[in-house]
Amino acid sequence: MEQKKKTLVIGVIGADVHAVGNQILYHAFSDAGFNVINLGVMVSQEEFIAAAIETNADAIIVSSLYGQGELDCRGLREKCDEAGLENILLYVGGNIVIGKQPFDEVEKRFKAMGFDRSFPPGTPPEVDIEALKEDLHVED
Amino acid sequence: MDPVLLIDFGSTYTKVTAVDIDEPRLLGTANSYTTVQTDINNGLADALIKLEQTTGRLDFSARYAASSAAGGLRMLASGLVPELTAEAAKTASLGAGAKVLKTYAFKLTEDDAEEIARLSPDIFLLCGGTDGGNTDTVIHNAKVLHKIGGSYPIIYAGNRNAARECERILEGREVHITENVMPAFGKLNIEPTQKEIREVFLARIVQAKGLTQASELISGIMMPTPSAVMAAMKLLAEGTKTQRGIGDLVAVDVGGATTDIYSVCEGLPDDPRTSLKGLPEPYVKRTVEGDIGMRYSIRGIVDAAGLDRVAKIAGLGVERTAEIIDMFANNTELLPTDGETRAVDEALASMAVRVAVKRHAGRLEEMFGIGGLKLVQTGKNLKNVDKVIVTGGSLIHTEHTGRIASYCFYDEEEDPESLRPEKADILVDRRYIIAAMGLLSEHHPEAALKIMKQELVKDDSAK
């Protein structure tokens, strides 16, 4: 039986205008069989949430490349809960913090903020796709 | 000569306009009180007698009518997220000429249900969810509507995956299913809904409003008056096969209870690097400011603009200005009689224009980030629109139309982000013919455009 396509909302959060990586993710996720809602750059938390509600999304995937990710992502999980998206999967990836910090610590901090997974800079899209398939129970 | 009659059954006045479509020109206009309580034909007959006193006996080859009588086309709309499907539902309804009493977002509550029962609209527009997206909310809302009961038709323009289920829930009700107002995220698809609204209006609302008696006399097309205005403005902007239009435009209609703004333009950013936020904007857009009007909503103008500002423009003291405003508020039929009341009336009209156009226009924000300056536009860019059409009693019955209308212009000091027209010609609808020309345009667009070009005259009083 054919599975219903899983819906992902993607975008670059905050005042960040790095468009290229997000575009690559859009194509990679679409090719991998996901229904992708691409919000582009400079996306606010509220816009991620509004899009996820209307489209009944399964996951929100936040990119951040300019080092302000930690500030921009704070409170997103709580707002999702507030908006009725209690079980939505939250991923974050890119240069999400300033400077060189051990990634396991960064991951821990984002986990505490409610992000199910965090991805360091330079992660190939295939890694995200594998993780999505696992978390959303998509069978090949 | 081939005379055609255009009728507008308004909430207060029945306005008649006679035109010759053979050699396109305006023959005359007249009005009388609308008599929807007794027989709507009485008011029409009175208006026709008045008309023929000036034009002489006319043998009309066709009669077309628009109506905003008996409260206009009263609609309620619901969507899911306020700035997404709920906004799309509202935009669709306004663009169909409806009076949108309220727009609901998320799941309808018990309070909402009571309110809906009390308001008992002419049509309820049920939306929510993109196709394949959320279905819970729209299904919940269908159940609430079922529970409320009532006999008004429901138009379903939500997530297509929930359409049949909602139809089953609403069994026994008149339900019209059409395409989703937002089939995919951020994609606006309002025309099918507007077509449906118009069909329901023709099939049902015209009868319910006691307008059928009139329809025997009328060759056809009953549409809500604001639809007629939109049709006229679109024609004026675009032109026909043989005549050029005047290009992008904004139209301002300051009424007693509301102020309606229309824009016909794409409204895209000047700088292609600007990023666009929010819903895509319709090419022909109508917004209605329910709190901005010259009599019934006079307090709303003062709330939005400030009493000091109104007094300053009027050139009067604050106390005297407040007195005159009270007088207008308590006597909605009152027209300005002397210098002071005229000054206040004009100051209020100026602020109504400013506030309503500002709400209609988009905004351009400058944001500084790591990548330097970034421009973000929301809504329509009206800066390059160079024609502003004005109508409404307080704007057409004054010598200072241009001055009042100039308050719609971009003002860097007052609000640098607002994308209002930078400078434009002001064209005045002195004889109040726009809605009539919209009606005429359905069958005789060439004549309608020619007459508008003759009748909408440029006002230079601002310069």
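Read along the sequence, the elements of chain A in this predicted model follow the order β-α-β-α-β-α-α-β-α-β-α. Chain A thus comprises six helices and five strands. Its C-alpha trace spans about 45 × 30 × 25 Å along the principal axes. The radius of gyration of chain A is 14 Å, which agrees with the value near 14 Å for a compact globule of 140 residues. Of these 140 residues, 45% count as buried. When contacts in chain A between residues at least 6 apart in sequence are considered, 75% of them join residues at least 24 apart.

Chain B contains 16 helices and 19 strands. The radius of gyration of chain B is 23 Å, close to the 23 Å given by the globule rule for 463 residues, so chain B is as compact as a globular protein of that length. The C-alpha trace of chain B extends over about 65 × 60 × 50 Å along its principal axes. In chain B, 51% of the 463 residues count as buried. Of the contacts in chain B between residues at least 6 apart in sequence, 70% join residues at least 24 apart.

The contact between the two chains draws on 13 residues from chain A and 17 residues from chain B. On the side of chain A that touches chain B, the largest share comes from helix H2 (residues 45–55) of chain A, which supplies five residues. By class, this side of chain A consists of nine nonpolar, two polar and two charged residues.

Within chain B, the packing of one helix pair was examined. Two packed helices are described by the angle between their axes and the distance between the axes. For helix H3 (residues 110–119) and helix H4 (residues 136–148) of chain B, the angle is about 50° and the axes are 10 Å apart. An angle between 35 and 65 degrees falls outside both the roughly parallel and the roughly perpendicular ranges, and H3(B) and H4(B) are therefore oblique to each other. The crossing of H3(B) and H4(B) is right-handed. On the H3(B) side, the residues that meet H4(B) are B:Ala113, B:Ile116 and B:Ala117, and their counterparts in H4(B) are B:Val144, B:Lys147 and B:Ile148. The contact of H3(B) with H4(B) is made up of five nonpolar residues and one charged residue, with no polar residues.

Two residues of chain B illustrate contacts between positions far apart along the chain. B:Ala231 lies in helix H8 of chain B. With 25 other C-beta atoms within 10 Å, B:Ala231 is buried, because the criterion for burial is 20 or more. The C-alpha atoms of B:Ala231 and B:Ile434 are separated by 9.2 Å, although these residues are 203 residues apart along the chain. Leaving out residues up to four places away in sequence, B:Ala231 touches B:Gly438 and B:Ser441.

B:Thr240 is located in the loop between helix H8 (225–238) and strand E11 (249–254) of chain B. B:Thr240 has 15 other C-beta atoms within 10 Å and is therefore partly exposed, as this count lies between the limit of 12 for exposed residues and that of 20 for buried residues. Its C-alpha atom is separated by 7.1 Å from that of B:Pro445, which lies 205 residues away along the chain. Apart from neighbours within four places in sequence, B:Thr240 is in contact with B:Pro445, B:Glu446 and B:Leu449.

Definitions and conventions: Residues numbered from 1 in each chain as written. Chains lettered and ligands numbered in written order. Predicted model: local features only at pLDDT ≥ 70, side-chain atom pairs only at ≥ 80, totals over all residues. Contact = placed C-beta atoms within 7 Å. Helix = DSSP H or I, 4+ residues; strand = E, 2+ residues; numbered from the N terminus. Nonpolar A, V, L, I, M, F, W, Y, C, P; charged D, E, K, R; others polar. Axes fitted to C-alpha atoms, helices over the stretch in contact; angles between N-to-C directions. Parallel < 35°, antiparallel > 145°, perpendicular 65-115°, else oblique. Left-handed = near helix turned anticlockwise from the far one by under 90°. Rg over C-alpha atoms; globule rule 2.2 N^0.38 Å.
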